[in-house]
Each structure stands twice: as structure tokens, then as C-alpha cells.
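Thanks for coming. I will go through one structure today, piece by piece, and you can follow along on the screen.

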Amino acid sequence: GAGPHQTDVTIIGAGPCGLFAVFELGLLDLKCHLVDILDRPGGQCAELYPEKPIYDIPAVPVCTGQELTDRLMEQVAPFSPVFHLSQMAEKLEKLEDGTWRLTTDTGTVIDSKVIVIAAGGGSFVPKKPPIPGIDAYEGSSVFYAVRKMEQFRGKKLIVAGGGDSALDWVLNLQPLAESVTLVHRRDEFRAAPDSVNKMRALVAEKKMTLEIAQISGLEGENGQLTGVVFKDKERGEWSVPCDMLLPFYGLTMKLGPVAEFGLNLEQNLIPVDTEKFETSTSGIFAIGDINTYPGKLKLILSGFHEAALMSQAAVRIVHPDKKIRFQYTTSSTDLQQKLGVA
Ligand code: FAD
């Protein structure tokens, strides 16, 4: 089978700061792998405010969170970063030769000399619905994310929520499920109008069911659901047969496994120096919203600056004997070749 991935730098978090780090490291010939629990790059910009305008990116008078992400992806493309998405960076250990080994919750293993923690406000984790006893079904009948669609083939599914995730998964899973019920507390949806229209068309064709109700209970045993109890003011409580429940009630940020990496922490932030943005552990750097130092501002532009200085220190760890020359992208043919523009 495939052994551990080998790379120069492993970046935890594919938010704007993790992405820009790929660029700065790339100019110094360092290759990167990135891990993010989200299913796409962009961190807070992509998850929390994709359509909101940002006005304080230097020389970009206005761009949305998603546009910033798209431009960063374009900027790092010449360096072919490898993304490991929809997985949590869970365990960090030091091998005998000083290499760091990062393992994710889906079993991806990455070995590198340098770790960059660009974990922002922490990992995005699903908000759990307040349904009594739900814990007992998680991972077997209750799923907060879809990692493999096949798992849901031929099943009676209930999807809960009114945002884009809920609507997207209703539309994607409906063709392969035995039945799909969407449950939402009101007949108004925050999702893209096109998705809502498609969902309503499926309901009109009787290919799925829409219930305006709340979930009040679960039925089943040994982690296997058999039904979900709905309730509303007029109809009271009733039960709907169900094999699998998919609640999509949004995401919240939690520091998560990074807290277990053995680093010094100050109020859930990682203290760093302002020369290299290195943590209390040599070879582990922290940039962006996750770090703290005197005068820290949680702005994207600060994280970009931190990425540039971190990279100068990282290359000295990966290539201790290499002479590093300071160069401008405007005038260095060498840098322009790396960017594919010369
Ligand atoms: P994040 O964007 O938080 O990304 C971190 C990523 O790391 C996340 O995707 C997370 O899932 C992942 N992660 C963390 N831990 C793990 C783990 N263990 N395993 C796997 N993945 C993990 N800033 C500005 O400069 N200008 C603005 O106008 C502005 N407006 C904002 C508006 C809103 C509504 C919000 C919420 C923020 C705004 N910000 C703004 C702040 C800006 O978004 C953050 O400073 C920026 O996103 C920080 O980038 P980052 O890369 O450090 O972290």
C-alpha cells in the first residue's frame, strides 16, 4: 500500500493564511501538503462569509471571501500543493530522525521536517442538534457530513436543516436513496434559490418529502435508527421511518486536536516569536488567527506577512546548507520560472 506521504512542509488549515504560506514556501522551493476538515479550501472566508465583501486586502479594493480564496488558489497553483480535505489533523509525533509525522482521522499520514499550524479559530465542527440520546447513533446512523455517498445508497434518509449543505445533500443523495425526507423548522430556506427550486420540484413530483417540523426524538437500538420523531404545534408528534439521519445545522469553530500537540497555549492561542513565527517547539510554526504575540491583529494581511517570515525560517530547517538569496518576483528570472511566467 501507499506509505506515508513525504513532503517539505505540512500545513494544518487551508484558510487564507495556510494558502498564502504555500506561495511563500513555494518561492523557496519548498513543497507543501495541506490538511483541512472542511471539504474545500478557504477557511473562514469560504465557510463563514463567501459572499461578503472584504475591503482591506492590500491593493484589492474589494473582493468577497470566495473570490479571495479563488485568487489564492490561482496564485498557489504553480506550486502544486496537495490537499487532504474533509479530514482532521489529529496526531503529531516526532520520529527519531527529527521528522514530524502528522496523522489524520481518516488515516492519512504525512512526514515532513516542518509543520505550519494555520488553524485559524480552530477546526470547523458541526453544530449538534439538541436531540436527546443522539450521541448513541453518531457514526452509525447519524452523520454530520457525507464522506462517501455510497454509504447512503438504498437507505431511508432524513436530512435536517435549511441551508446550502442540507439542500445540496438532499439533491445529491435523492437519486440513490430509497427515500429522502427534508425536515426544517420553517418553510423558508437560506440555501441558493436554485437548490430550493430543485428540491420543491422533487417534492411536487413525489420523489421526496418536505416536513416543516422539529425533531423531538429518535427511535432505534444499538446505534441503529429505525425512526425519527417529528413534532409541530398543529399535528403533535409522529414518527417517520429512517435508517440514517443527516443533520446540517451549521458549523462552529473549536481548537480541537491542536490543543493536544504539546505546544504552549495562551487562551487557546499559540504564542510565537515575531521573527520566525515559531512556536515553543522548534520546527513547528503558527501563523494567522491561531497565533498570538504582542500587538497581534487577527487580520488576513497579518497572516500573509507571518507566512513570508515563517518561510525564511522553514527553508533553513529543510535545507540547512542552502544559501538563501533575497529576490523580488518582479526582477528574478529564477522566481518567475517557478511561477511559470518566464
Ligand atoms: P481560518 O480562516 O480560520 O482557517 C483555518 C482552517 O483550519 C479552517 O478551515 C479549519 O477547518 C482548519 N483547521 C483547524 N484545525 C484543524 C485540524 N486540527 N484539522 C483540520 N483542519 C483544521 N479579516 C480581514 O482581514 N478582513 C475582513 O474584512 C474580515 N472580515 C471577516 C468577516 C467575518 C464574518 C469573519 C468571521 C472574519 C473576518 N475576518 C476578516 C477575519 C479573517 O477571516 C481571518 O483573520 C482569517 O480567516 C484567518 O485565516 P487563517 O488562515 O488563519 O484561519
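**Strands, helices and a ligand shell**

I start with a single pair of residues: Asp 232 has Gly 236 in strand 17 as its bridge partner. Before I go on, please note that this is a predicted model.

Now the strands around that pair. Strand 16, residues 224-232, and strand 17, residues 236-241, are paired in the antiparallel sense, and six bridges connect them. Further along, Lys 231 is found opposite Glu 237 in strand 17. How many residues does the hairpin use to join strand 16 to strand 17? The hairpin joins them through three residues.

These two strands belong to an open sheet of three strands, in the order 15-16-17, and the pairing is antiparallel. Strand 15, residues 214-221, and strand 17 are the edge strands, each pairing on one side only. From one strand to the next, the twist averages 25°.

On to the other sheet. This one is open and has four strands, ordered 14-13-12-18, with parallel pairing. Why do strand 14 and strand 18 each have one side without a neighbour in the sheet? Strand 14, at 209-212, and strand 18, at 244-247, stand at the edges and have a single partner strand each, so one side of each stays free of a neighbour in the sheet. On average, neighbouring strands here are turned by 20° against each other, direction ignored.

Take one pair from that sheet. Strand 12, residues 156-160, pairs with strand 18 in the parallel sense over four bridges. In this pair, Leu 157 is placed opposite Met 244 of strand 18. As a general point, side chains in a regular strand alternate between the two faces of the sheet.

A helix lies across this sheet. Helix 4, residues 164-173, lies across strand 12, strand 13 (179-184) and strand 18. Relative to strand 12, helix 4 runs at about 160°.

Helix 4 also packs with helix 5, residues 193-204, at an angle of about 45°, and their axes are 10 Å apart. Helix 4 and helix 5 are therefore oblique to each other. Their crossing is left-handed. On the helix 4 side, the contact is made by Asp 164, Leu 167, Asp 168, Val 170 and Leu 171, and on the helix 5 side by Ser 195, Val 196, Lys 198 and Met 199. Sorted by class, this contact of helix 4 with helix 5 has five nonpolar, one polar and three charged residues.

Next is helix 1, residues 16-27, and I will take its two contacts in turn.

With helix 3, residues 65-76, the axis of helix 1 comes within 9 Å, and the two cross at roughly 20°. Helix 1 and helix 3 are therefore roughly parallel to each other. The crossing of helix 1 past helix 3 is left-handed. Pro 16, Leu 19, Phe 20, Val 22, Phe 23 and Gly 26 from helix 1 meet Leu 68, Leu 72, Met 73, Gln 75 and Val 76 from helix 3. The contact of helix 1 with helix 3 has nine nonpolar, two polar and no charged residues.

With helix 6, the axis of helix 1 comes within 8 Å, and the crossing is at roughly 40°. That makes helix 1 and helix 6 oblique to each other. Is the crossing of helix 1 past helix 6 left-handed or right-handed? The crossing is right-handed. Residues of helix 1 in this contact include Pro 16, Phe 20 and Glu 24, and those of helix 6 include Phe 304, Ala 307 and Ser 311. The contact of helix 1 with helix 6 has eleven nonpolar, two polar and one charged residues.

Last, the ligand. Which of the 38 residues around the ligand come nearest? They are Gly 13, Gly 15, Gly 43, Gly 120 and Gly 288. Two or more residues of the shell come from each of helix 1, helix 2 (43-47), strand 11 (123-126) and helix 6 (300-318). By class, the shell around the ligand contains 22 nonpolar, twelve polar and four charged residues.

To close, one element to find again on the screen: helix 1, which meets helix 3, meets helix 6 and gives residues to the shell around the ligand.

Key. Residues are numbered from 1 along each chain as its sequence is written. This is a predicted model: local features need pLDDT of at least 70, side-chain atom pairs count only at pLDDT 80 or more; totals for chains, interfaces and linings use all residues. Two strands pair if DSSP finds at least two bridges between them. Axes are lines fitted to C-alpha atoms, for helices over the stretch in contact, and angles run from 0 to 180 degrees between N-to-C directions. Two residues are in contact if their C-beta atoms, placed from the backbone, lie within 7 Å. Angles under 35 degrees count as roughly parallel, over 145 as roughly antiparallel, 65 to 115 as roughly perpendicular and the rest as oblique. A crossing is left-handed if the near helix is turned anticlockwise from the far one by less than a right angle, and right-handed if clockwise. Ala, Val, Leu, Ile, Met, Phe, Trp, Tyr, Cys and Pro count as nonpolar, Asp, Glu, Lys and Arg as charged, and the others, Gly among them, as polar. A residue is near a molecule or strand if its C-beta atom, placed from the backbone, lies within 6 Å of it.
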